[in-house]
Amino acid sequence: MVKRPLSQKFLIIALIAMGLFLVVWGAQRFYDRYKVKQVALEFVKALETGNENRIRALLTPEKAELAAKLKQDSQESLEPLDYRFLQVRLTGSTAEARIQIQKTGYAIKPDIHLIKSSTGVWKVSSISQAKVDPLWHDQEDRHYREELIKEGVPSTEVEGRVLAKKLARALNTTVTESSSGQVDP
């Protein structure tokens with residue numbers, strides 16, 4: 001058997017310990033990434049089906065009361081949602097999952113922010129960048145225009161109302177329908 005100096009033995013033990021630490025750390029990161037994807041996907045599916053109890057279970061305790069408000073109209077449509085993860089970022093006990101959700105040709109790309117609790121369970125803390133696809137607004141405007149034409153509204157007024165609705169949407173406000181009568185100055 002080859003005798004090694006004490007410094008060589010220490011170096012070998014340190015390298016083995018470092019290697020084991022890196023393997024465990026890498027496995028933990030891989031597992032956390034998997035769990036973040038799983039929780040984000042479960043959350044989107046719960047929103048799709050309108051399962052308020054499941055939504056509440058996946059939200060952080062501070063946000064749990066919002067579960068009733070997060071129910072979507074998407075459960076009315078029979079066409080399923082198509083999900084695709086674009087990016088998952090882990091930073092300690094927080095994570096961000098960017099997911100693309102498509103349905104009937106329209107897509108949104110929300111960022112789902114998660115926090116890891118002290119028990120190791122990932123919970124949804126917020127959603128950002130969940131903007132409506134512009135194609136949806138185009139279709140909505142087209143239906144609104146057709147509805148106004150069926151009501152017999154003059155074409156110039158139809159275009160004005162549609163334009164007012166577009167401007168209100170851009171400014172995050174609403175348009176109230178005015179009475180059809182003339183206004184006296």
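Two strands count as paired here if DSSP finds at least two bridges between them. That is the idea behind the first view, and the model in every view is a predicted one.

**View 1. The E4–E5 hairpin, with a positive phi at Gly 120.** Strands E4 (residues 111–116) and E5 (residues 122–128) run antiparallel, with six bridges joining them. At one of these pairings, Lys 116 sits opposite Trp 122 of E5. Five residues lie between the two strands of the hairpin, and Gly 120 takes a positive phi near 90°. As for confidence, mean pLDDT is highest in E4, at 90.

**View 2. E2 against E4, the other side of the story for E4.** Which way do E2 and E4 run relative to each other, parallel or antiparallel? They run antiparallel, and five bridges hold the pairing together. Look for Ala 97, whose bridge partner in E4 is Ile 112. Ala 97 also turns up among the contacts of Ile 112 beyond four places in sequence, along with Ala 95, Glu 96 and Ile 99. That same list for Ile 112 includes Val 124 and Ser 126, as well as Ala 40 and Val 44.

**View 3. Gln 100, a polar side chain in strand E2 (residues 94–103).** Is Gln 100 buried or exposed? Its relative accessible area is 11%, so Gln 100 falls under the 20% cut-off and is buried. The side chain of Gln 100 makes a polar contact of 3.4 Å with the side chain of Gln 102. If you skip sequence neighbours within four places, the contacts of Gln 100 are Asp 82, Tyr 83, Arg 84, Leu 86, Ala 107, Ile 108 and Lys 109.

**View 4. The largest nonpolar core, with 21 residues.** The residues with the most contacts inside this core are Val 36, Phe 43, Ile 112, Leu 114, Trp 122 and Val 124. H1, H2, strand E1 (82–91), E2, E4 and E5 each bring at least two residues to it. Which element gives the most? That would be H1, with seven residues. A separate, second core has five residues, among them Tyr 144, Leu 148, Val 158 and Val 162.

**View 5. Arg 54 and Glu 42, a salt bridge between H2 and H1.** How far apart are the closest N and O atoms of Arg 54 and Glu 42? They come out at 2.1 Å, and the pair is a salt bridge. Arg 54 belongs to helix H2 (residues 52–58) and Glu 42 to helix H1 (residues 6–49), so this bridge ties together parts that are 12 residues apart in sequence. Both ends are partly exposed: Arg 54 has a relative accessible area of 33%, and Glu 42 has 25%. There are seven salt bridges in the structure, and the next two views show others.

**View 6. Glu 159 and Arg 145, a salt bridge between H4 and H3.** The side chains of Glu 159 and Arg 145 meet at 3.0 Å, N to O. This pair links distant parts of the chain, with Glu 159 in helix H4 (residues 155–170) and Arg 145 in helix H3 (residues 134–150), 14 residues apart. Glu 159 is partly exposed at 41% relative accessible area, and Arg 145 is partly exposed at 24%.

**View 7. Glu 157 and Arg 161, a salt bridge within H4.** Here the closest N and O atoms are 2.8 Å apart. Both residues lie in H4, four residues apart, which is about one turn of the helix. Glu 157 is partly exposed, at 34%. Arg 161 has a relative accessible area of 18%, and since buried means under 20%, Arg 161 counts as buried.

**View 8. The C-terminal stretch, residues 179–185, and the confidence of the model.** Residues 179–185 keep a pLDDT under 50 throughout, and the model gives them zero contacts beyond four places in sequence. For scale, mean pLDDT over the protein is 78, with 79% of residues reaching 70 or more. Zooming out, the protein has four helices and five strands, in the order α-α-β-β-β-β-β-α-α from the N terminus. Of its 185 residues, 24% count as buried.

Note on methods. Residues are numbered from 1 along each chain as its sequence is written. This is a predicted model: local features need pLDDT of at least 70, side-chain atom pairs count only at pLDDT 80 or more; totals for chains, interfaces and linings use all residues. Side-chain values use heavy atoms; hydrogens and water are left out. A salt bridge is a side-chain nitrogen of Lys or Arg within 4 Å of a carboxyl oxygen of Asp or Glu. Buried means under 20% relative accessible area, exposed over 50%, partly exposed in between (1.4 Å probe, protein chains only). A polar contact is a pair of N or O atoms within 3.5 Å; within protein, one must be able to donate a hydrogen and the other to accept it, and residues adjacent in sequence count only if both atoms are side-chain atoms. Contact means heavy atoms within 4.5 Å. A nonpolar core is a set of buried Ala, Val, Leu, Ile, Met, Phe, Trp, Tyr and Cys residues joined through side-chain atoms within 4.5 Å. pLDDT is the predictor's confidence in each residue, from 0 to 100.
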